[in-house]
Amino acid sequence: MILSIESSCDDSAIAITQIATKKLLFHKKISQELEHSIYGGVVPELAARLHAETLPKILEECKPYFKDLKAVAVTSSPGLAVTLVEGVVMAKAVSLALDIPIIGVNHLVGHIYSLFIEKETTFPLTVLLVSGGHTQVMEVKSLSDIKTVAKSMDDSFGESFDKTAKMMGLGYPGGPLIEKLAKNGDRKKYNFTIPLSQSKEIAFSYSGLKNAVRLAVEKASEDEYKDIAASFEHIATAHLIQKLKKYFKEVPPKRFAIVGGASANLYLRSKIEELLKPYGASLLLSELKYCSDNAAMIGRVAVEMYE
Ligand code: KG4
Ligand code: ZN
């Protein structure tokens, strides 16, 4: 078995994965959303302090598995330095105490493997990663052959939802809150510009849209927030669709996946489904509970790396 630890942002999570069967034997995640909510975003030092409290408690529950552990895995990058180190120090302690090797796992590769928890991998795949830290398209042929073909030049898709929610005083994380608010709003009410629509480059940008939303929020009454949320979600998604369309002209999709916390967004999912239809391409999604940060995806990568 492999014990895996995730602490790259505001979720403390530990999983136990059986190497031979890829079965998830244990998974526990303690989110800090409530603690960060009043600040409208993650406060790194607070997150680190909460990891230091919660990770040892979860580890305690894993003790019955200690005798069967062949390795310990931990998210090593990318993420918040002060929170990553909490997981890494714990992994080093476990490695030393049990005399087992330590495996450092890339968090973004973890999100890709969230598609394959308790399943075999099926590559090649074109993957859209939409999280709080990243917005990128990757061509994935195997664990060791992952090519990033497009990425954000500034803010990420998920982050733009978080910032919009913060401007409206809704709390954190903004993704689900904005998605809920947008359901009753008018998507055409605010004529925000689709970012980089004149540019030939296949890349993403959310800082301009964020500023346009800020100006709209400043002028609006609270009754109008739902229309801003709906128009924002529409344009934020249209930007992804427009650039993917451009990319598909060069590289038509066969098997496509959306991963990361924001892949839970149903409006985005429906627009991607529409986009893939003419190509007859299939769409892979992670189980909803594994879209956001978790340790099961880190354990799943670690099994591959261990083997
Ligand atoms: O993958 P994740 O848990 O953490 C990172 O690796 O960043 O993603 C968290 C991000 C947050 O920005 C959150 O607002 C966004 O995913 N998110 C959503 C939705 N659910 C979570 N964004 C849009 N719509 C959602 N339903
Ligand atoms: Zn993540």
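**Close-up views of a predicted model**

**Figure 1. Overall fold of the predicted model.** The protein has 307 residues and a radius of gyration of 20 Å, which agrees with the value near 19 Å for a compact globule of that length. Its C-alpha trace spans about 60 × 45 × 30 Å along the principal axes. The secondary structure comprises ten helices and ten strands.

**Figure 2. Ligand 1 in its pocket.** Ligand 1 sits in the largest pocket. There are 20 residues around ligand 1. Those that come nearest are Gly132, Asp162, Glu179, Gly261 and Asn265. Sorted by class, the shell has twelve polar, four charged and four nonpolar residues. Three helices each supply at least two residues of this shell: H4 (107–113), H5 (157–167) and H6 (174–182).

**Figure 3. Polar contacts to oxygen atoms of ligand 1.** Gly132 offers a polar backbone atom, 2.8 Å from an oxygen atom of ligand 1. Gly133 also takes part through its backbone: an N or O atom there lies 3.1 Å from an oxygen atom of the ligand. His111 uses its side chain instead, with a polar atom 3.1 Å from an oxygen atom of ligand 1. On its own, ligand 1 has 560 Å² of accessible area, and the protein covers 88% of it.

**Figure 4. The cis peptide bond at Pro78.** Most peptide bonds are trans. The bond that joins Ser77 and Pro78 is cis, with omega about -15 degrees. Pro78 is placed in a loop. Strand S4 (71–77) lies on one side of that loop in the sequence, and helix H3 (81–98) on the other.

**Figure 5. The cis peptide bond at Pro173.** Here the bond runs from Tyr172 to Pro173. This peptide bond is cis too, and omega is near -5 degrees. Pro173 belongs to the loop between H5 and H6. Both of these helices also supply residues of the shell around ligand 1.

**Figure 6. Positive phi at Glu118.** Most residues other than glycine have a negative phi. Glu118 is not a glycine, yet its phi is positive, near 60 degrees. Look for Glu118 in the loop that links H4 to strand S6 (125–130). H4 is one of the helices that supply at least two residues of the ligand 1 shell.

Notes: Residues numbered from 1 in each chain as written. Chains lettered and ligands numbered in written order. Predicted model: local features only at pLDDT ≥ 70, side-chain atom pairs only at ≥ 80, totals over all residues. Heavy atoms only, no water. Near = heavy atom within 4 Å. Polar contact = N/O pair within 3.5 Å; in protein donor to acceptor, adjacent residues only side chain to side chain. Areas by Shrake-Rupley, 256 points an atom, 1.4 Å probe, with all protein chains shown as cover. 1 Å grid on protein atoms, 1.4 Å probe; cavity = no way out; pocket = protein on both sides within 12 Å on 5 of 7 lines; lining within 4 Å. Sits in = over half its atoms within 2 Å of the grid points. Helix = DSSP H or I, 4+ residues; strand = E, 2+ residues; numbered from the N terminus. Nonpolar A, V, L, I, M, F, W, Y, C, P; charged D, E, K, R; others polar. Rg over C-alpha atoms; globule rule 2.2 N^0.38 Å.
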